[in-house]
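Here's a quick briefing on a model you may want to look over before setting anything up. Have the viewer open and follow along.

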Amino acid sequence: MDFRLTDDQRALREDVRAFTREEIRPAAIELDWNGEYPDEILEELGERRLTGLTIPEEYGGRGEGLVELALVTEELAAGLMSVASATALHLGVAAVVERFGTDAQRETFLPGMATFDRVGALGLSEANAGSDKLAMETTAERDGDEWVLNGHKEWVTNFLDADVVLTYAKTGPDGDAPNNVSAFLVPTDAFEVEEEWQTLGAWSVKSPRVRLDDVRVPADRLVGEEGEAYVQRGEVKTGVNVPARGVGIARAALEDTVAYTSEREQFDQPVGDFQGVRWRVAEMAERVDAARLLTLRAAARADRGADVGRELSMAKIRATESAVENANDALQLHGGKGYTNEHHVERYLRDARLLTIAGGPNELHRNTLADAVFDARSESASTE
Ligand SMILES: Cc1cc2nc3c(=O)[nH]c(=O)nc-3n(C[C@H](O)[C@H](O)[C@H](O)COP(=O)(O)OP(=O)(O)OC[C@H]3O[C@@H](n4cnc5c(N)ncnc54)[C@H](O)[C@@H]3O)c2cc1C
(Lines give C-alpha, C1' and ligand atoms only; values in the text may rest on other atoms or scores of the structure.)
Protein backbone atom coordinates (compact mmCIF):
# COMPACT_ATOMS: atom_id res chain seq x y z
CA MET A 1 0.00 0.00 0.00
CA ASP A 2 1.35 3.40 -1.00
CA PHE A 3 0.32 6.35 1.20
CA ARG A 4 2.03 8.93 -1.04
CA LEU A 5 0.18 11.33 -3.27
CA THR A 6 1.22 11.47 -6.92
CA ASP A 7 3.47 14.30 -8.09
CA ASP A 8 0.48 15.96 -9.76
CA GLN A 9 -1.60 15.73 -6.60
CA ARG A 10 1.22 17.22 -4.54
CA ALA A 11 1.65 20.04 -7.05
CA LEU A 12 -2.09 20.76 -6.97
CA ARG A 13 -2.08 20.82 -3.17
CA GLU A 14 0.95 23.14 -3.06
CA ASP A 15 -0.61 25.47 -5.59
CA VAL A 16 -3.86 25.78 -3.61
CA ARG A 17 -1.97 26.00 -0.30
CA ALA A 18 0.03 28.97 -1.61
CA PHE A 19 -3.13 30.62 -2.94
CA THR A 20 -4.83 30.13 0.43
CA ARG A 21 -1.85 31.54 2.32
CA GLU A 22 -1.54 34.59 0.07
CA GLU A 23 -5.12 35.39 -0.91
CA ILE A 24 -7.60 33.79 1.48
CA ARG A 25 -6.06 33.82 4.93
CA PRO A 26 -5.16 37.53 4.99
CA ALA A 27 -8.77 38.41 4.07
CA ALA A 28 -10.58 35.72 6.07
CA ILE A 29 -11.27 37.53 9.36
CA GLU A 30 -12.63 40.63 7.65
CA LEU A 31 -14.74 38.74 5.10
CA ASP A 32 -16.23 36.65 7.88
CA TRP A 33 -16.97 39.47 10.30
CA ASN A 34 -18.42 41.66 7.54
CA GLY A 35 -20.51 38.78 6.24
CA GLU A 36 -19.04 39.60 2.84
CA TYR A 37 -19.26 37.13 -0.03
CA PRO A 38 -15.72 36.18 -1.12
CA ASP A 39 -16.41 37.02 -4.76
CA GLU A 40 -12.88 38.08 -5.71
CA ILE A 41 -11.44 34.87 -4.29
CA LEU A 42 -14.05 32.74 -6.04
CA GLU A 43 -13.46 34.64 -9.28
CA GLU A 44 -9.77 33.82 -9.04
CA LEU A 45 -10.56 30.18 -8.24
CA GLY A 46 -12.73 30.25 -11.37
CA GLU A 47 -9.87 31.59 -13.47
CA ARG A 48 -7.73 28.73 -12.18
CA ARG A 49 -10.59 26.29 -12.99
CA LEU A 50 -10.61 25.13 -9.37
CA THR A 51 -14.36 25.78 -9.41
CA GLY A 52 -14.36 23.25 -12.24
CA LEU A 53 -12.00 20.84 -10.51
CA THR A 54 -14.10 17.70 -11.02
CA ILE A 55 -15.86 18.89 -14.20
CA PRO A 56 -14.55 16.99 -17.26
CA GLU A 57 -11.95 18.77 -19.38
CA GLU A 58 -14.21 18.64 -22.44
CA TYR A 59 -16.53 21.05 -20.58
CA GLY A 60 -13.74 23.37 -19.49
CA GLY A 61 -12.98 21.81 -16.11
CA ARG A 62 -9.91 20.04 -14.81
CA GLY A 63 -11.37 16.53 -14.91
CA GLU A 64 -9.97 15.58 -11.51
CA GLY A 65 -11.33 12.99 -9.11
CA LEU A 66 -12.50 12.94 -5.51
CA VAL A 67 -9.02 12.61 -4.00
CA GLU A 68 -8.18 15.93 -5.63
CA LEU A 69 -11.50 17.36 -4.43
CA ALA A 70 -10.61 16.32 -0.87
CA LEU A 71 -7.13 17.83 -1.15
CA VAL A 72 -8.31 21.15 -2.57
CA THR A 73 -11.23 21.39 -0.14
CA GLU A 74 -8.91 20.84 2.83
CA GLU A 75 -6.66 23.68 1.67
CA LEU A 76 -9.51 26.12 1.03
CA ALA A 77 -11.20 25.27 4.35
CA ALA A 78 -7.93 25.87 6.18
CA GLY A 79 -8.17 29.45 4.88
CA LEU A 80 -11.92 30.14 5.14
CA MET A 81 -14.49 27.37 5.35
CA SER A 82 -17.11 29.39 3.48
CA VAL A 83 -14.90 29.45 0.38
CA ALA A 84 -14.61 25.66 0.53
CA SER A 85 -18.38 25.31 1.09
CA ALA A 86 -19.25 27.55 -1.87
CA THR A 87 -16.89 25.66 -4.16
CA ALA A 88 -17.81 22.17 -2.98
CA LEU A 89 -21.60 22.61 -3.10
CA HIS A 90 -21.27 24.11 -6.57
CA LEU A 91 -19.18 21.12 -7.71
CA GLY A 92 -21.74 18.76 -6.15
CA VAL A 93 -24.41 20.25 -8.42
CA ALA A 94 -22.08 20.00 -11.43
CA ALA A 95 -21.41 16.33 -10.63
CA VAL A 96 -25.13 15.48 -10.76
CA VAL A 97 -25.54 17.33 -14.08
CA GLU A 98 -22.48 15.62 -15.50
CA ARG A 99 -23.46 12.15 -14.32
CA PHE A 100 -27.21 12.15 -14.97
CA GLY A 101 -27.91 15.16 -17.20
CA THR A 102 -28.46 15.17 -20.95
CA ASP A 103 -25.74 16.19 -23.40
CA ALA A 104 -27.61 19.46 -23.91
CA GLN A 105 -27.66 20.14 -20.15
CA ARG A 106 -23.94 19.39 -19.86
CA GLU A 107 -23.17 21.71 -22.75
CA THR A 108 -25.43 24.45 -21.41
CA PHE A 109 -24.39 24.38 -17.77
CA LEU A 110 -20.94 22.87 -17.23
CA PRO A 111 -18.61 25.27 -19.13
CA GLY A 112 -19.97 28.28 -17.21
CA MET A 113 -19.83 26.34 -13.96
CA ALA A 114 -16.18 25.42 -14.52
CA THR A 115 -15.23 29.10 -14.50
CA PHE A 116 -17.80 30.09 -11.83
CA ASP A 117 -19.52 32.38 -14.31
CA ARG A 118 -22.55 30.18 -13.67
CA VAL A 119 -22.88 29.32 -10.00
CA GLY A 120 -24.74 26.28 -8.70
CA ALA A 121 -26.54 25.74 -5.38
CA LEU A 122 -28.28 22.75 -3.84
CA GLY A 123 -31.97 22.83 -2.88
CA LEU A 124 -32.65 19.60 -1.05
CA SER A 125 -33.38 20.14 2.68
CA GLU A 126 -36.70 21.55 3.85
CA ALA A 127 -38.20 22.65 7.17
CA ASN A 128 -39.68 19.18 7.75
CA ALA A 129 -37.17 17.27 5.65
CA GLY A 130 -33.71 17.71 7.18
CA SER A 131 -32.30 14.35 8.17
CA ASP A 132 -35.34 12.68 6.60
CA LYS A 133 -35.08 14.06 3.07
CA LEU A 134 -37.86 11.86 1.73
CA ALA A 135 -40.32 13.81 3.89
CA MET A 136 -39.91 16.72 1.47
CA GLU A 137 -43.08 18.61 0.60
CA THR A 138 -41.97 20.46 -2.52
CA THR A 139 -43.79 19.09 -5.54
CA ALA A 140 -43.36 19.27 -9.30
CA GLU A 141 -46.29 18.57 -11.60
CA ARG A 142 -46.04 18.06 -15.30
CA ASP A 143 -48.10 20.48 -17.42
CA GLY A 144 -47.50 19.98 -21.13
CA ASP A 145 -43.91 20.88 -21.92
CA GLU A 146 -43.30 22.32 -18.47
CA TRP A 147 -43.01 21.35 -14.85
CA VAL A 148 -44.73 23.45 -12.18
CA LEU A 149 -42.91 23.59 -8.85
CA ASN A 150 -44.35 24.56 -5.49
CA GLY A 151 -42.73 24.49 -2.07
CA HIS A 152 -39.66 25.76 -0.29
CA LYS A 153 -36.06 24.89 0.49
CA GLU A 154 -34.86 25.64 4.00
CA TRP A 155 -31.12 26.05 3.48
CA VAL A 156 -29.54 26.88 0.14
CA THR A 157 -25.85 27.65 0.51
CA ASN A 158 -24.57 30.05 -2.17
CA PHE A 159 -28.13 31.04 -3.13
CA LEU A 160 -27.63 34.81 -2.98
CA ASP A 161 -24.83 34.64 -5.55
CA ALA A 162 -25.95 31.57 -7.47
CA ASP A 163 -27.54 31.33 -10.90
CA VAL A 164 -29.17 27.95 -10.67
CA VAL A 165 -30.50 25.72 -7.89
CA LEU A 166 -30.56 21.96 -8.31
CA THR A 167 -34.02 21.59 -6.80
CA TYR A 168 -35.42 18.29 -5.56
CA ALA A 169 -39.18 17.82 -5.67
CA LYS A 170 -41.72 15.02 -5.32
CA THR A 171 -43.06 13.86 -8.65
CA GLY A 172 -44.70 10.66 -7.47
CA PRO A 173 -46.76 9.28 -4.57
CA ASP A 174 -45.15 8.55 -1.18
CA GLY A 175 -45.83 4.86 -1.79
CA ASP A 176 -43.19 4.94 -4.54
CA ALA A 177 -40.45 6.31 -2.23
CA PRO A 178 -37.53 6.55 -2.72
CA ASN A 179 -38.37 6.49 -6.45
CA ASN A 180 -40.69 9.50 -6.27
CA VAL A 181 -38.23 12.41 -6.26
CA SER A 182 -36.95 14.30 -9.31
CA ALA A 183 -34.34 17.03 -9.69
CA PHE A 184 -34.68 20.24 -11.70
CA LEU A 185 -32.34 23.04 -12.68
CA VAL A 186 -34.27 26.11 -11.55
CA PRO A 187 -32.94 29.66 -12.05
CA THR A 188 -32.44 31.52 -8.78
CA ASP A 189 -34.60 34.43 -9.88
CA ALA A 190 -37.62 32.10 -9.88
CA PHE A 191 -37.40 31.83 -6.07
CA GLU A 192 -38.40 34.25 -3.37
CA VAL A 193 -36.07 34.60 -0.38
CA GLU A 194 -38.11 34.06 2.78
CA GLU A 195 -35.46 34.13 5.48
CA GLU A 196 -31.79 34.99 5.73
CA TRP A 197 -30.78 33.11 8.85
CA GLN A 198 -28.49 34.62 11.47
CA THR A 199 -26.11 31.71 11.96
CA LEU A 200 -23.39 30.83 14.47
CA GLY A 201 -20.77 30.67 11.72
CA ALA A 202 -20.22 30.46 7.95
CA TRP A 203 -21.01 34.17 7.75
CA SER A 204 -19.56 35.06 4.37
CA VAL A 205 -21.62 32.58 2.34
CA LYS A 206 -25.28 32.62 3.38
CA SER A 207 -27.79 29.75 3.23
CA PRO A 208 -31.26 31.31 3.10
CA ARG A 209 -34.71 29.75 3.09
CA VAL A 210 -36.33 30.20 -0.33
CA ARG A 211 -39.81 29.60 -1.77
CA LEU A 212 -41.23 28.47 -5.09
CA ASP A 213 -44.78 29.46 -6.03
CA ASP A 214 -46.11 27.99 -9.27
CA VAL A 215 -42.66 28.24 -10.81
CA ARG A 216 -42.64 26.87 -14.34
CA VAL A 217 -39.52 25.31 -15.82
CA PRO A 218 -39.27 23.73 -19.26
CA ALA A 219 -39.32 19.92 -19.38
CA ASP A 220 -35.66 19.90 -20.44
CA ARG A 221 -34.66 21.18 -16.98
CA LEU A 222 -35.42 17.78 -15.43
CA VAL A 223 -32.05 16.18 -14.56
CA GLY A 224 -31.87 12.42 -14.85
CA GLU A 225 -34.80 10.09 -14.91
CA GLU A 226 -38.14 11.18 -13.48
CA GLY A 227 -38.53 9.81 -9.94
CA GLU A 228 -34.94 8.60 -9.66
CA ALA A 229 -33.14 11.72 -8.43
CA TYR A 230 -32.94 10.77 -4.77
CA VAL A 231 -31.52 7.33 -5.52
CA GLN A 232 -29.15 8.70 -8.17
CA ARG A 233 -27.89 11.34 -5.74
CA GLY A 234 -26.57 8.53 -3.55
CA GLU A 235 -24.24 7.49 -6.37
CA VAL A 236 -22.43 10.83 -6.44
CA LYS A 237 -19.76 10.91 -3.74
CA THR A 238 -18.86 14.60 -3.70
CA GLY A 239 -20.06 14.51 -0.08
CA VAL A 240 -16.43 13.71 0.72
CA ASN A 241 -16.05 17.50 0.74
CA VAL A 242 -17.66 17.66 4.20
CA PRO A 243 -14.99 15.64 6.05
CA ALA A 244 -12.37 17.40 3.91
CA ARG A 245 -13.61 20.75 5.23
CA GLY A 246 -13.24 19.27 8.72
CA VAL A 247 -9.64 18.26 8.01
CA GLY A 248 -8.88 21.79 6.81
CA ILE A 249 -10.22 23.42 9.97
CA ALA A 250 -8.60 20.84 12.26
CA ARG A 251 -5.24 21.42 10.56
CA ALA A 252 -5.47 25.21 10.62
CA ALA A 253 -6.34 25.06 14.33
CA LEU A 254 -3.28 22.90 14.97
CA GLU A 255 -0.93 25.13 12.96
CA ASP A 256 -2.15 28.31 14.62
CA THR A 257 -1.77 26.70 18.04
CA VAL A 258 1.80 25.58 17.42
CA ALA A 259 2.72 29.07 16.22
CA TYR A 260 0.99 30.88 19.07
CA THR A 261 2.13 28.66 21.95
CA SER A 262 5.71 28.78 20.65
CA GLU A 263 5.70 32.58 20.93
CA ARG A 264 3.46 33.33 23.87
CA GLU A 265 5.37 33.32 27.15
CA GLN A 266 4.05 32.94 30.68
CA PHE A 267 5.99 31.96 33.79
CA ASP A 268 9.20 32.88 31.84
CA GLN A 269 8.75 30.25 29.16
CA PRO A 270 6.72 29.66 26.01
CA VAL A 271 3.38 28.10 26.98
CA GLY A 272 4.16 25.48 24.36
CA ASP A 273 6.91 24.19 26.65
CA PHE A 274 4.43 23.05 29.29
CA GLN A 275 3.94 19.31 29.13
CA GLY A 276 0.15 19.62 29.40
CA VAL A 277 0.10 21.90 26.34
CA ARG A 278 2.46 19.66 24.37
CA TRP A 279 0.32 16.58 24.93
CA ARG A 280 -2.74 18.48 23.85
CA VAL A 281 -0.99 19.65 20.67
CA ALA A 282 0.20 16.09 19.99
CA GLU A 283 -3.38 14.89 20.24
CA MET A 284 -4.50 17.63 17.85
CA ALA A 285 -1.92 16.43 15.31
CA GLU A 286 -3.08 12.84 15.68
CA ARG A 287 -6.65 13.94 15.00
CA VAL A 288 -5.64 15.77 11.81
CA ASP A 289 -3.80 12.78 10.39
CA ALA A 290 -6.49 10.26 11.31
CA ALA A 291 -9.17 12.53 9.83
CA ARG A 292 -7.20 13.08 6.63
CA LEU A 293 -6.34 9.42 6.15
CA LEU A 294 -9.97 8.38 6.55
CA THR A 295 -11.10 11.13 4.18
CA LEU A 296 -8.57 10.27 1.48
CA ARG A 297 -9.34 6.56 1.83
CA ALA A 298 -13.03 7.25 1.23
CA ALA A 299 -12.20 9.51 -1.73
CA ALA A 300 -9.78 7.01 -3.26
CA ARG A 301 -12.27 4.17 -2.94
CA ALA A 302 -15.00 6.29 -4.52
CA ASP A 303 -12.65 7.22 -7.37
CA ARG A 304 -12.14 3.57 -8.20
CA GLY A 305 -15.85 2.84 -7.99
CA ALA A 306 -15.78 0.84 -4.74
CA ASP A 307 -18.56 1.04 -2.17
CA VAL A 308 -17.94 3.80 0.41
CA GLY A 309 -20.94 3.72 2.76
CA ARG A 310 -18.82 2.66 5.72
CA GLU A 311 -15.72 4.64 4.79
CA LEU A 312 -17.48 7.91 4.03
CA SER A 313 -19.44 7.79 7.29
CA MET A 314 -16.28 7.03 9.28
CA ALA A 315 -14.48 9.94 7.64
CA LYS A 316 -17.45 12.28 8.17
CA ILE A 317 -17.71 11.48 11.87
CA ARG A 318 -14.01 11.52 12.62
CA ALA A 319 -13.05 14.58 10.57
CA THR A 320 -15.94 16.82 11.58
CA GLU A 321 -15.62 15.98 15.27
CA SER A 322 -11.84 16.48 15.05
CA ALA A 323 -12.49 19.92 13.60
CA VAL A 324 -14.69 20.86 16.56
CA GLU A 325 -12.23 19.38 19.10
CA ASN A 326 -9.17 21.00 17.54
CA ALA A 327 -10.88 24.37 17.19
CA ASN A 328 -11.97 24.19 20.81
CA ASP A 329 -8.45 23.25 21.98
CA ALA A 330 -6.94 25.97 19.81
CA LEU A 331 -9.20 28.58 21.35
CA GLN A 332 -8.28 27.44 24.85
CA LEU A 333 -4.57 27.50 24.09
CA HIS A 334 -4.81 31.01 22.64
CA GLY A 335 -6.22 32.17 25.99
CA GLY A 336 -8.28 35.37 26.04
CA LYS A 337 -6.99 36.46 22.63
CA GLY A 338 -8.44 33.28 21.17
CA TYR A 339 -11.85 34.55 22.21
CA THR A 340 -11.41 37.67 20.03
CA ASN A 341 -11.31 38.13 16.27
CA GLU A 342 -7.65 39.15 16.45
CA HIS A 343 -7.04 35.46 15.70
CA HIS A 344 -8.78 32.95 13.45
CA VAL A 345 -9.49 30.31 16.07
CA GLU A 346 -12.87 31.60 17.29
CA ARG A 347 -14.09 31.37 13.67
CA TYR A 348 -12.77 27.84 13.32
CA LEU A 349 -14.93 26.81 16.25
CA ARG A 350 -18.06 28.57 14.93
CA ASP A 351 -17.56 27.19 11.42
CA ALA A 352 -16.65 23.67 12.53
CA ARG A 353 -19.91 23.37 14.48
CA LEU A 354 -21.80 23.30 11.18
CA LEU A 355 -19.98 20.25 9.92
CA THR A 356 -21.34 17.70 12.41
CA ILE A 357 -24.85 18.71 11.25
CA ALA A 358 -24.56 19.46 7.50
CA GLY A 359 -24.06 16.64 5.02
CA GLY A 360 -26.33 14.55 7.25
CA PRO A 361 -25.99 14.78 11.05
CA ASN A 362 -23.28 12.54 12.50
CA GLU A 363 -25.97 10.46 14.20
CA LEU A 364 -27.19 9.30 10.76
CA HIS A 365 -23.62 8.50 9.75
CA ARG A 366 -23.26 6.46 12.97
CA ASN A 367 -26.39 4.55 11.89
CA THR A 368 -24.89 3.89 8.44
CA LEU A 369 -21.61 2.83 9.98
CA ALA A 370 -23.25 0.58 12.56
CA ASP A 371 -25.36 -1.06 9.83
CA ALA A 372 -22.19 -1.70 7.83
CA VAL A 373 -20.37 -3.10 10.87
CA PHE A 374 -23.23 -5.49 11.62
CA ASP A 375 -23.49 -6.43 7.97
CA ALA A 376 -21.16 -9.40 7.41
CA ARG A 377 -20.64 -8.32 3.81
CA SER A 378 -18.80 -5.22 5.00
CA GLU A 379 -15.94 -7.38 6.28
CA SER A 380 -14.42 -7.96 2.89
CA ALA A 381 -14.98 -4.35 1.85
CA SER A 382 -13.09 -2.96 4.85
CA THR A 383 -9.90 -4.86 4.10
CA GLU A 384 -9.91 -4.26 0.38
C1 LIG B 1 -25.58 26.71 7.40
C2 LIG B 1 -26.26 25.55 6.73
C3 LIG B 1 -26.12 25.36 5.37
C4 LIG B 1 -26.80 24.32 4.73
N5 LIG B 1 -26.73 24.22 3.37
C6 LIG B 1 -27.54 23.35 2.73
C7 LIG B 1 -27.63 23.36 1.30
O8 LIG B 1 -26.91 24.11 0.61
N9 LIG B 1 -28.52 22.54 0.70
C10 LIG B 1 -29.32 21.69 1.42
O11 LIG B 1 -30.11 20.98 0.81
N12 LIG B 1 -29.24 21.63 2.78
C13 LIG B 1 -28.39 22.45 3.44
N14 LIG B 1 -28.33 22.44 4.82
C15 LIG B 1 -29.21 21.54 5.55
C16 LIG B 1 -28.50 20.42 6.25
O17 LIG B 1 -28.15 19.42 5.35
C18 LIG B 1 -29.44 19.93 7.37
O19 LIG B 1 -29.40 20.92 8.38
C20 LIG B 1 -29.09 18.59 7.91
O21 LIG B 1 -29.33 17.60 6.95
C22 LIG B 1 -29.90 18.24 9.16
O23 LIG B 1 -31.25 18.51 9.02
P24 LIG B 1 -32.01 19.41 10.12
O25 LIG B 1 -31.21 20.63 10.34
O26 LIG B 1 -33.41 19.58 9.69
O27 LIG B 1 -31.95 18.55 11.46
P28 LIG B 1 -33.05 17.49 11.96
O29 LIG B 1 -33.30 16.50 10.89
O30 LIG B 1 -34.21 18.23 12.52
O31 LIG B 1 -32.27 16.78 13.14
C32 LIG B 1 -31.98 17.48 14.35
C33 LIG B 1 -31.01 16.65 15.13
O34 LIG B 1 -31.65 15.44 15.54
C35 LIG B 1 -30.72 14.40 15.59
N36 LIG B 1 -31.19 13.31 14.71
C37 LIG B 1 -31.87 13.41 13.55
N38 LIG B 1 -32.14 12.19 13.04
C39 LIG B 1 -31.63 11.30 13.90
C40 LIG B 1 -31.55 9.87 13.95
N41 LIG B 1 -32.09 9.11 12.97
N42 LIG B 1 -30.93 9.28 15.01
C43 LIG B 1 -30.39 10.03 16.00
N44 LIG B 1 -30.41 11.38 15.99
C45 LIG B 1 -31.01 12.00 14.97
C46 LIG B 1 -29.38 14.99 15.14
O47 LIG B 1 -28.64 15.40 16.28
C48 LIG B 1 -29.79 16.20 14.34
O49 LIG B 1 -28.75 17.18 14.28
C50 LIG B 1 -27.61 23.43 5.49
C51 LIG B 1 -27.71 23.60 6.86
C52 LIG B 1 -27.07 24.64 7.49
C53 LIG B 1 -27.23 24.81 8.98
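V240 sits in the loop between α6 (229-233) and α7 (241-263), where helices (H or I, at least four residues) and strands (E, at least two) are DSSP runs, numbered from the N terminus. Keep in mind that this is a predicted model: local features need pLDDT of at least 70, side-chain atom pairs count only at pLDDT 80 or more, and totals for chains, interfaces and linings use all residues. Residues are numbered from 1 along each chain as its sequence is written.

**Around V240**

- Is V240 buried or exposed? V240 is buried, with 29 other C-beta atoms within 10 Å; the cut-offs are 20 or more other C-beta atoms within 10 Å for buried, 12 or fewer for exposed, and partly exposed in between, with C-beta atoms placed from the backbone.
- Leaving out residues up to four places away in sequence, V240 touches L66, L69, A70, T295, A298, A299, A302 and L312. Contact here means that the C-beta atoms of two residues, placed from the backbone, lie within 7 Å.
- One of those partners, T295, is 55 residues from V240 along the chain, yet their C-alpha atoms are separated by 6.8 Å.

**Domains**

- The domain assignment gives domain 1 (7-118), domain 2 (122-227) and domain 3 (238-377); such bounds come from an automatic or database domain assignment.
- The centres of domain 2 and domain 3, taken over C-alpha atoms, are 31 Å apart. Four residues from domain 2 and eight residues from domain 3 make up the contact.
- On the domain 2 side of that contact there are two nonpolar, two polar and no charged residues. For these classes, Ala, Val, Leu, Ile, Met, Phe, Trp, Tyr, Cys and Pro count as nonpolar, Asp, Glu, Lys and Arg as charged, and the others, Gly among them, as polar.

**What UniProt says**

- The unreviewed UniProt entry places "domain: Acyl-CoA dehydrogenase/oxidase N-terminal" at residues 6-115. UniProt positions follow the numbering used here, feature names are shortened, and annotations may be inferred rather than shown by experiment. In the model, residues 6-115 are 75% helix and 0% strand, with end C-alpha atoms 25 Å apart.
- From the same kind of record, an unreviewed entry, "domain: Acyl-CoA oxidase/dehydrogenase middle" covers residues 121-215. That span comes out as 0% helix and 43% strand, and its end C-alpha atoms are 17 Å apart.
- UniProt (unreviewed entry) also puts "domain: Acyl-CoA dehydrogenase/oxidase C-terminal" at residues 243-373. Here the chain is 78% helix and 3% strand, and the end C-alpha atoms lie 20 Å apart.

**The ligand shell**

- Which residues come nearest to the ligand? Of the 20 residues around the ligand, they are L124, G130, S131, T157 and E363; a residue is near if its C-beta atom, placed from the backbone, lies within 6 Å of the molecule.
- By class, the shell splits into eleven nonpolar, eight polar and one charged.
- β1 (120-123) and α12 (362-374) each supply at least two residues of the shell.
- Domain 2 and domain 3 both give residues to the shell, so the ligand lies between them.

**Two helices to look at**

- α8 (residues 275-303) has 29 residues and reaches 42 Å from its first C-alpha to its last, close to the 42 Å expected at 1.5 Å a residue. The expected span is 1.5 Å times one less than the number of residues. Just after α8, G305 takes a positive phi of about 80 degrees.
- α9 (residues 309-333) should span 36 Å for its 25 residues at 1.5 Å a residue, and its end C-alpha atoms are 36 Å apart, which agrees. α9 is mostly covered, with 20 of its 25 residues buried, and G335, just after α9, has a positive phi of about 60 degrees.

**Loops and backbone oddities**

- P173 is in the loop between β4 (164-170) and β5 (181-187), and P173 is exposed, with 8 other C-beta atoms within 10 Å.
- P178 lies in the loop between β4 and β5, and the peptide bond from A177 to P178 is cis, with omega near 5 degrees.
- A202, in the loop between β6 (192-195) and β7 (209-218), has phi near 50 degrees, a positive value in a residue other than glycine. A202 is buried, with 24 other C-beta atoms within 10 Å.
- D268, in the loop between β9 (265-266) and β10 (269-270), has a positive phi near 65 degrees. D268 is exposed, with 6 other C-beta atoms within 10 Å.
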